[in-house]
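Dear colleague,

I am passing on the structure below, together with a short account of what came out of going through it. Please have it open beside this message as you read.

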Amino acid sequence: MDTMLGARLQTQQRSSQNGRETSLWSSGLGMKLEAVTPFLGKYRPFVGRCCQTCTPKSWESLFHRSIMDLGFCNVILVKEENTRFRGWLVRRLCYFLWSLEQHIPPCWDVPQKVMESTRVQKVISGRAPAGAGEGQVPSLVKKEVQRILGHIQAPPRPFLLRLFSWAVLRFLNCLFLNVQLHQGHLKMVRKAAQAGSPLVLLSTHKSRLDGILLPFVLLSQGLGVLRVAWDPNACSPILRALLKKLGGLFLPPEASFSLDSSEGVLARAVVHTAVEQLLVGGQPLLIFLEEPPGAQGSRLSALGQAWLGLVVQAVQGGAVPDAMLVPVAVNYDLVPDAPCDNTYHVAPPLGLWTGALAVLRSLRGWRDLRVCVRVHLAQPFSLQEYTSNARSCWGSRQTLEQLLQPVVLGHSTVIPDTEKEQEWTPVTGPLLALKEEDQLLVRRLGHHVLNASVASSAVMSTAIMASLLLCKHQKGVFLSQLLAEFSWLTEETLLRGFDVGFSGQLRCLVQHTLSLLWAQVAVLRVHHGDLLVVARPGPGLVHLARLSAELLPAFLSEAVGACAVRALLAGRVPPEGPWELQGVELLSQNELYRQVLLLLHLLPQDLLLLQPCQSSYCYCQEVLDRLIQCGLLVAEETPGSRLACDTGRQRLRAKLLWKPSGDFTDSDSDDFEQAEGQYFRLSQQSRCPDFFLFLCRLLGPLLKAFAKAAAFLPWGQLPDTEAGCADQLLQFFQATAQEDGFFECADPRLAIRAVWTFRDLGVLQQTPSPAGPMLHLSPAFASRDNQEKLEQFIRQFICG
């Protein structure tokens with residue numbers, strides 16, 4: 001079968017893709033892609049509600065059930081009805097006429113207000129020498145302030161904005177099928193803007209187009225000119241000058257200077273005052289919380305945290321009474337400017353002409369493969385309310401080395417009753433001048449908003465297709481079965497409170513998705529008249545693994561629970577054993593909690609994105625509840641134990657394990673002594689084995705990358721720099737993938753995550769050197785025995 005499949009794949013690669021697609025999909029059905037019709041009758045989850053624990057007032061005030069019934073709008077669909085004019089000429093010039101009618105609010109005299117601010121005047125007077133009056137030195141400092149302010153921003157030009165909106169509208173219509181926005185989300189944002197507080201949009205960052213798409217969306221919906229905080233290192237000087245005239249903001253390099261540097265003090269004062277004036281003027285601000293695509297680093301952006309810190313300072317300093325934070329997410333079927341290879345390199349700054357050539361190349365390359373886009377504006381919440389309530393949820397934290405290393409080495413079986421402290425984002429820019437407590441507030445606020453953005457993101461059709469081919473049908477699946485599986489996984493996603501970014505006829509959806517994934521998926525004829533869909537073996541599986549990772553937030557609790565159950569059964573039943581044999585084993589609630597906690601500590605924080613106000617112990621109970629709800633676990637009554645349905649009076653415990661999680665329910669899930677008598681079994685339903693394996697495989701690429709990193713330790717050439725270790729590990733992943741065929745973990749992102757996790761775990765230690773920080777094996781893991789313990793600890797969670 002494998003030989004025949006390989007021969008068919010080679011034949012498929014030599015043939016013309018477009019002609020092949022036409023012949024394979026020769027049916028009478030026309031292409032019909034929509035974005036409104038749900039799959040489950042009239043049910044479609046309304047996502048994007050803010051945290052009820054940290055911001056209960058915002059949760060109530062900015063929401064009404066009537067907005068859930070509002071539909072979607074395609075923001076790039078501009079017709080004659082969108083203008084004030086009518087006629088055949090208007091239908092041909094409607095894009096241009098629409099752009100002329102956009103309202104551009106006037107800009108205030110920001111440079112003069114920045115110069116007159118108390119903060120900047122204090123810095124200027126401090127830099128003047130003793131005895132100096134209104135002479136030459138203050139004049140030079142004034143020019144320096146103007147230079148820094150000119151580096152940060154420029155007054156937006158209305159003519160350029162209208163011309164740019166017209167060009168962007170034509171460009172987006174050529175590149176995308178549609179750009180959908182929920183009108184209920186838009187109504188919440190408009191209601192928050194009418195309250196008088198400035199809007200601060202905190203967005204994910206999937207593509208460079210996000211910085212162009214989001215300002216266009218807000219301008220087209222009448223929310224004003226969006227000021228975008230761009231990365232100054234990603235743009236050439238000419239492009240920076242153009243973007244500043246379109247509303248762009250850039251952090252000056254002097255803002256990252258040391259605290260005792262006079263240039264750094266002045267630059268931070270100017271940036272701080274400029275942000276205050278923008279907020280006072282009511283201009284909406286866009287900050288990207290994620291690193292740009294292709295960047296090898298932490299998921300949470302250091303630059304985004306710096307801008308967010310400026311907003312927090314402005315509110316705490318009283319410049320504005322409050323600011324409304326809006327989590328934003330943009331999802332694509334396929335990211336247009338995603339890197340094609342599996343290696344990361346520092347991209348040169350994007351210039352004006354290189355950007356224009358990139359646009360032309362994208363239009364030519366995506367002429368026949370236009371994708372769908374979903375923009376999500378989650379429920380706004382008050383920054384003032386969050387800062388007042390968030391600190392009450394903070395508890396003690398320990399490093400990963402303190403929590404996990406004794407358990408891995410077998411020195412202890414007790415897991416400390418505390419949370420994990422793991423921070424991979426460096427503190428740069430204006431954050432350097434904040435107190436440690438305020439820095440912690442900004443970091444946890446960033447994690448909180450990023451969690452809200454990811455939770456409100458829609459799952460696109462390519463993510464569902466990639467998950468089915470990688471985690472459920474690795475050897476291929478017939479098209480007739482794939483249609484049913486696609487519909488099943490879509491409904492499971494909707495039932496978990498996550499929205500999907502597609503709709504329409506099922507067969508056309510699958511056809512559209514497979515056409516987008518033609519480079520990674522092969523569609524083959526078989527003699528039965530059906531079609532066989534199979535993922536192409538090779539490095540292209542990395543791309544499918546990245547797409548399937550977008551489905552992980554919807555099934556994360558079940559995936560963590562399934563891997564924890566696999567770890568419990570690892571020492572009792574062989575992984576290839578029959579499901580009936582695994583269902584015989586009893587699983588105690590205490591053991592399940594312990595394995596879930598171990599896995600939560602092992603997984604990176606930027607993957608889990610747990611809310612800072614939620615404790616790990618509450619999440620353990622959520623994982624157990626999800627496993628019971630989805631039917632994988634069933635309660636088992638043991639002889640002599642109190643029945644689960646017995647609601648009789650129970651003896652109060654002398655010691656209560658209260659957790660700083662804000663969980664005020666009357667559940668007794670924290671009573672671990674009482675929970676010792678509660679046991680569970682794996683369900684014996686026919687669908688459970690496949691679903692259990694599917695959930696485990698969702699975390700498979702990351703866990704297998706960690707296990708291979710543990711196997712790499714004896715062969716690594718250490719000490720080496722952090723980047724050097726990641727390159728060595730990536731080469732090891734690629735070499736082993738050629739042997740075992742598991743290319744999903746041969747990803748640079750997984751390599752750097754493994755290096756950072758092992759550094760936090762104490763496997764690698766960092767020491768300074770003239771060439772920079774060097775990583776070497778710690779004494780605790782220098783022996784081969786302890787390295788095998790680490791690999792065995794990780795592999796217990798892997799299944800399939």
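By class, the residues that line the largest cavity divide into 5 nonpolar, 7 polar and 7 charged, and please keep in mind throughout that this is a predicted model. The volume of the largest cavity is about 260 Å³, and of the 19 residues in its lining, Arg 397, Lys 420, Gln 605, Leu 610 and Pro 612 are the closest to its centre. At least two lining residues of the largest cavity come from each of β12 (419-420), α18 (436-455), α25 (589-602) and α26 (605-608), and the largest share, 4 residues, is supplied by α18.

The structure holds 7 cavities of 30 Å³ or more, and I also looked at the second largest, which holds about 220 Å³ of space. Its lining is made up of 18 residues, and those closest to the centre of the second largest cavity are Leu 161, Phe 164, Pro 215, Phe 216 and Leu 246. By class, the lining of the second largest cavity has 13 nonpolar and 5 polar residues, with no charged residues. Helices α9 (158-175) and α11 (210-220), along with strand β5 (227-230), each supply at least two residues of that lining, and α11 gives the most to it, with 5 residues.

Apart from the cavities, strand β16 may be worth your attention. Strand β16 covers residues 531-535, and 5 of its 5 residues are buried. Leu 531, Val 533 and Ala 535 point one way from β16, whereas Leu 532 and Val 534 point the other way, and all of them are buried. Strand β15 (residues 521-525) pairs with β16 in the antiparallel sense over 5 bridges, and strand β13 (residues 477-478) also pairs with β16 in the antiparallel sense, over 2 bridges. Leu 532 of β16 takes part in both pairings, since Leu 524 is its bridge partner and Phe 478 stands opposite it as well.

One single residue remains to be mentioned, namely Thr 490, which has its place in helix α20 (residues 479-495). Is Thr 490 buried or exposed? Thr 490 counts as buried because its relative accessibility is 0%, and the cut-off for buried is under 20%. A polar atom of the Thr 490 side chain lies 2.7 Å from the backbone oxygen of Phe 486.

With best wishes

Notes: Residues numbered from 1 in each chain as written. Predicted model: local features only at pLDDT ≥ 70, side-chain atom pairs only at ≥ 80, totals over all residues. Heavy atoms only, no water. 1 Å grid on protein atoms, 1.4 Å probe; cavity = no way out; pocket = protein on both sides within 12 Å on 5 of 7 lines; lining within 4 Å. Points joined across faces, edges and corners; volume = space filled by probe spheres on them. Nonpolar A, V, L, I, M, F, W, Y, C, P; charged D, E, K, R; others polar. Buried < 20%, exposed > 50% of the residue type's maximum accessible area, 1.4 Å probe, protein only. Polar contact = N/O pair within 3.5 Å; in protein donor to acceptor, adjacent residues only side chain to side chain. Pairing = 2+ DSSP bridges.
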